[in-house]
2 protein chains.
Amino acid sequence: MADRPYHHGNLRAVLLDAAERTLREQGLDRLSLRELARQAGVSHAAPRRHFADRRALLDALADTGFARLGDRMRAAIEGAGPDVDAQLHAAATAYVRFAIDDGPLLDLMFANKNADEAAAPSEGALRLFTAVGDLIVRGQQAGALPPGDPERLRLLLVATLQGIATLVTSGRAPAEQTGALVEDAVALFTRRS
Amino acid sequence: MADRPYHHGNLRAVLLDAAERTLREQGLDRLSLRELARQAGVSHAAPRRHFADRRALLDALADTGFARLGDRMRAAIEGAGPDVDAQLHAAATAYVRFAIDDGPLLDLMFANKNADEAAAPSEGALRLFTAVGDLIVRGQQAGALPPGDPERLRLLLVATLQGIATLVTSGRAPAEQTGALVEDAVALFTRRS
DNA sequence: ACCTGAACACCGTTCAAGT
DNA sequence: ACCTGAACACCGTTCAAGT
């Protein structure tokens, strides 16, 4: 609105915010650096100072997505009371709800960008995975989850949730079956279907 | 190599073939209609006669992917002998192997293009889903899979396989754990982990 | 019926130059 | 240290015109 100082001062955060909104509302294809620069009121070359290229911005965006999903799952678990079954269900529901709210962002988070390189996982991804890992360990201690390598069980649980998210957001599973899918998945892991 | 007649005669199939190879070798970002036209030796506007736009070509490509994945899973099941556990394991392995061979294609198949519309599922997708559905029903009849709505179990199985594929191809799960993940998933469904 | 060539409106990326 | 403006090499899409 009002004209800005030459040095924006906040450009990196503004770009990420605009990118997140555009991704949610228009999808990845319509997300362009030039359009983000326009929305921020800077020249099309300005983002270069903060993100080496389009991919770097998308990577940063994916990392904020991991952090937010991890926070949401942690909050859901804490709000679910002491029962591990309920915690599992709450965490799974939070995951799938995130997918419905921010499908393209979740796609971005699991886009195969670093498959060739064993690059260090991002901070946000670590936060998500440890949130699920902690839940697994507590579930095993409480006897609500089968014993075995918690790392493997954690990967399988994340895979299941991610798969449900993909099926639902892609329309390959009917939207009204979302709840049933989550229930069935939790039942499968707690072995009381 | 030699110069072609004015009417290519085979352009649609040639474009799809080139697109599939480019997708596998270079990824979705590097797949452009103009480059495909160049490879086919036609003008950049020629593809328009066969695909309304880039998305239409990608949709057709996704459909061939579904058909091929369905065929591979069917073949894996048939080659696995009469034991339903072995059939499940073979089908799951075929799915994940497809993901490793053609990750970007699998991504495309589950990209959320038609999430807003209850469009008729493609022929290829139907073939894949019925292959899995048949396996589920047989498994339930043999007592190797838990009872209940086979449709729901089918969705959950596809979700689990797709989630494992996503984790592995994105590098979020270590590649050397792929086999263990598939084993654990099958064990979870057959309830003998 | 199928393809070409020019045109339009966009991109990402680079780089000298400005403040 | 951060941003601008011009430039380059690409896109997808459209449309009159060719065969």
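**Exercise 1. How many salt bridges does the structure hold over all chains?**

Solution. This is a predicted model, and over all of its chains the structure holds 18 salt bridges. One of them is formed by the side chains of Asp102(A) and Arg24(A), which meet at 2.8 Å, N to O. To place this pair, note that Asp102(A) lies in the loop between helix H4 (84–101) and helix H5 (103–109) of chain A, while Arg24(A) lies in helix H1 (residues 11–26) of that chain, so the pair ties together parts that are 78 residues apart in sequence. The next step is to look at the surroundings of each partner: because its relative accessibility is 3%, Asp102(A) counts as buried, whereas Arg24(A), at 36%, counts as partly exposed. Finally, the pair belongs to a network of salt bridges that links Glu20(A), Arg24(A), Arg68(A) and Asp102(A).

**Exercise 2. Describe the overall build of chain A.**

Solution. Begin with the secondary structure: chain A has 8 helices and 0 strands, and reading along the sequence gives the pattern α-α-α-α-α-α-α-α. Then turn to the dimensions, where the C-alpha trace of chain A spans about 60 × 35 × 35 Å along its principal axes. Of the 193 residues in this chain, 50% count as buried. As a last step, consider which parts of the sequence meet: among contacts in chain A between residues at least 6 apart in sequence, 67% join residues at least 24 apart.

**Exercise 3. Work out how chain B is related to chain A.**

Solution. Two copies of a chain are related by a rotation about an axis and a shift along it. Here a turn of 180 degrees, with a shift of 0.0 Å along the axis, lays chain B on chain A with an RMSD of 0.0 Å. That is the relation of a two-fold axis. The same surface serves both copies, since 100% of the contact residues of chain B recur in chain A. To find the axis in the model, look for Gly163(B), which of the residues of chain B comes closest to the rotation axis, its C-alpha being at 1.9 Å.

**Exercise 4. Describe the contact between chain B and chain A, and say which helix of chain B gives the most to it.**

Solution. Start with the extent of the contact, which takes 40 residues from chain B and 40 residues from chain A. The area buried between the two chains is about 3,500 Å², and carbon and sulfur atoms give 59% of it. Next come the pairings across the interface, where there are 4 residue pairs in polar contact. On the side of chain B that touches chain A, helix H5 (103–109), helix H6 (123–141), helix H7 (150–170) and helix H8 (178–190) of chain B each supply at least two residues. H7(B) gives the most, with 14 residues. Sorted by character, the residues of this side divide into 22 nonpolar, 11 polar and 7 charged.

**Exercise 5. Which residues form the salt bridges between the two chains?**

Solution. Side chains of opposite charge can pair when their charged atoms come close. Between chain B and chain A the count is 2 salt bridges. In one, Arg152(B) pairs with Asp184(A), the closest N and O atoms being 2.6 Å apart. In the other, the side chains of Asp184(B) and Arg152(A) meet at 2.6 Å, N to O. Asp184(B) lies in helix H8 of chain B and Arg152(A) in helix H7 (residues 150–170) of chain A, so this pair joins two chains. With a relative accessible area of 19%, Asp184(B) is buried, while Arg152(A), with 28%, is partly exposed.

**Exercise 6. Examine Glu151(B), Leu161(B) and Thr169(B) in helix H7 of chain B.**

Solution. Take Glu151(B) first: this residue forms a salt bridge with Arg154(B), in which the closest N and O atoms are 3.1 Å apart. Because they are 3 residues apart in helix H7 of chain B, the two are separated by about one helical turn. Glu151(B) counts as partly exposed at 35% relative accessibility, and Arg154(B) as buried at 11%.

Move on to Leu161(B), which is buried, with a relative accessible area of 4%. Not counting residues up to four places away in sequence, Leu161(B) touches Met73(B), Ala92(B) and Tyr95(B).

Finish with Thr169(B), which counts as buried at 15% relative accessibility. The side chain of Thr169(B) reaches the backbone oxygen of Ala165(B) at 2.9 Å and that of Thr166(B) at 3.5 Å.

Terms used. Residues numbered from 1 in each chain as written. Chains lettered and ligands numbered in written order. Predicted model: local features only at pLDDT ≥ 70, side-chain atom pairs only at ≥ 80, totals over all residues. Heavy atoms only, no water. Least-squares fit on C-alpha atoms with pLDDT ≥ 70 in both. Contact = heavy atoms within 4.5 Å. Buried area = accessible area lost by both parts, 1.4 Å probe. Salt bridge = Lys/Arg side-chain N within 4 Å of Asp/Glu carboxyl O. Polar contact = N/O pair within 3.5 Å; in protein donor to acceptor, adjacent residues only side chain to side chain. Helix = DSSP H or I, 4+ residues; strand = E, 2+ residues; numbered from the N terminus. Nonpolar A, V, L, I, M, F, W, Y, C, P; charged D, E, K, R; others polar. Buried < 20%, exposed > 50% of the residue type's maximum accessible area, 1.4 Å probe, protein only.
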